[in-house]
Amino acid sequence: MLACELENVSSNDYLSERFQKAYEWLRTTDLDAVKVGSYPVDGDDVIANVQEYSTAPAEDLRFETHDVYYDVQYVISGHERFGVVERDGLVPVEVDPSNDISFYEEPATCSEVILNPGDLVVVPPEQGHKPRCAVGDPEPIRKVVVKVRR
């Protein structure tokens, strides 16, 4: 899925060498067997983070952004509702540059997509996103977030 403002299309090359390395790691790794943790794919430029958690009600979670990395979020098992909104106009409530993350107040509107096993979404730095949202009741999820340096 690619959803962004037209002005940002040319600045985001989702088929660049770094993204190709991320996609190749997802295709060739036994994602059911790999342990939770962080895996360097290409030094600090591409890093895969395998996660397991339970989804939660959307109202308990916050939108986030990153300045240094894109997120390639891939669902291995479970289902997740995923919010996306343009970063412009978001009101920050917590900024942590050392961990490349900022959190925001809830925007008035956003787009959402349901991520099923085998689905991925790529989020650029100019978009906020709210992962981990439950589809119905909270459920366990296994996911990989591949960080791709800008």
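# Exercises on a predicted model

At 2% relative accessibility, C133 counts as buried. The model is a predicted one, and the exercises below work through its cysteines, sheet, cores and selected polar residues.

**Exercise 1. Determine how many disulfides the structure has, and explain the result for C110 and C133.**

Step 1. Start with burial. C133 is buried at 2%, whereas C110 is partly exposed, with a relative accessible area of 32%.

Step 2. Find the closest cysteine sulfur to that of C110. It belongs to C133, at 8.2 Å. Starting from C133, the closest cysteine sulfur is in C110.

Step 3. Compare with the cut-off. A disulfide needs two cysteine sulfur atoms within 2.5 Å, so the 8.2 Å between C110 and C133 is too far for a bond.

Step 4. Extend the search to the whole structure. The count of disulfides is zero.

**Exercise 2. Give the strand order of the open sheet and state which strands form its edges.**

Step 1. Write down the order. The five strands run β1-β2-β11-β4-β9, and the pairing is antiparallel.

Step 2. Identify the edges. β1 (37–42) and β9 (120–123) each pair on one side only. From one strand to the next, the twist averages 20°.

Step 3. Examine the β1 end. β1 and β2 run antiparallel and are joined by five bridges; in this pair P40 stands opposite I47 of β2. The two strands form a hairpin with three residues between them. In the turn, G43 has a positive phi of about 55°.

Step 4. Examine the β9 end. Four bridges pair β4 with β9, again in the antiparallel sense. Here D71 stands opposite V123 in β9.

Step 5. Add the helix. α1 packs on the sheet and touches β1, β2, β4, β9 and β11. The direction of α1 makes about 155° with that of β11.

**Exercise 3. Describe the largest nonpolar core and find which element gives the most to it.**

Step 1. Count the members. The largest nonpolar core has 19 residues. Those with the most contacts inside it are F19, L26, L31, V72, V144, V146 and V148.

Step 2. Assign the suppliers. At least two residues come from each of α1 (17–28), β2 (46–54), β4 (69–77) and β11 (140–149). α1 gives the most, with five residues.

Step 3. Follow one member. Leaving aside neighbours within four places in sequence, V148 is in contact with R18, F19, A22, D45, V46, V68, Y69, Y70 and V72.

Step 4. Separate the other core. Apart from the largest one lies another core, of eight residues, including V75, V84, V121 and V123.

Step 5. Set this against the general expectation. In soluble globular proteins, nonpolar side chains tend to be buried together.

**Exercise 4. Y69 and Q73 both lie in β4. For each, decide whether the residue is buried or exposed, and list its side-chain polar contacts.**

Step 1. Apply the burial limit, which is under 20% relative accessible area. Y69 has 12% and is therefore buried. Q73 has 2%, so Q73 is buried too.

Step 2. Take the polar contacts of Y69. A polar atom of its side chain lies 2.6 Å from the backbone oxygen of D44. The side chain of Y69 also makes a polar contact with the side chain of R149, at 3.1 Å.

Step 3. Place Y69 in its wider surroundings. Beyond neighbours within four places in sequence, its contacts are D44, D45, I47, D100, P125, K147, V148 and R149. V46 is 23 residues away from Y69 in sequence, and their C-alpha atoms are 8.8 Å apart.

Step 4. Repeat for Q73. Its side chain makes a polar contact with the side chain of K143, at 2.5 Å. With neighbours within four places in sequence left aside, Q73 is in contact with E80, F82, D119, L120, V121, H129, P131, K143, V144 and V145.

**Exercise 5. Locate N12, classify its burial and list its contacts outside its own stretch of sequence.**

Step 1. Locate the residue. N12 is in the segment before α1.

Step 2. Classify it. The limit for burial is under 20%, and N12, at 6% relative accessibility, therefore counts as buried.

Step 3. List the contacts. Once neighbours within four places in sequence are set aside, N12 is in contact with Y70, P124 and E126.

Step 4. Check a distant pair. N12 and V93 are 81 residues apart in sequence, and 27 Å separates their C-alpha atoms.

Notes:
Residues numbered from 1 in each chain as written. Predicted model: local features only at pLDDT ≥ 70, side-chain atom pairs only at ≥ 80, totals over all residues. Heavy atoms only, no water. Core = buried A, V, L, I, M, F, W, Y, C linked by side-chain atoms within 4.5 Å. Buried < 20%, exposed > 50% of the residue type's maximum accessible area, 1.4 Å probe, protein only. Contact = heavy atoms within 4.5 Å. Pairing = 2+ DSSP bridges. Axes fitted to C-alpha atoms, helices over the stretch in contact; angles between N-to-C directions. Polar contact = N/O pair within 3.5 Å; in protein donor to acceptor, adjacent residues only side chain to side chain.
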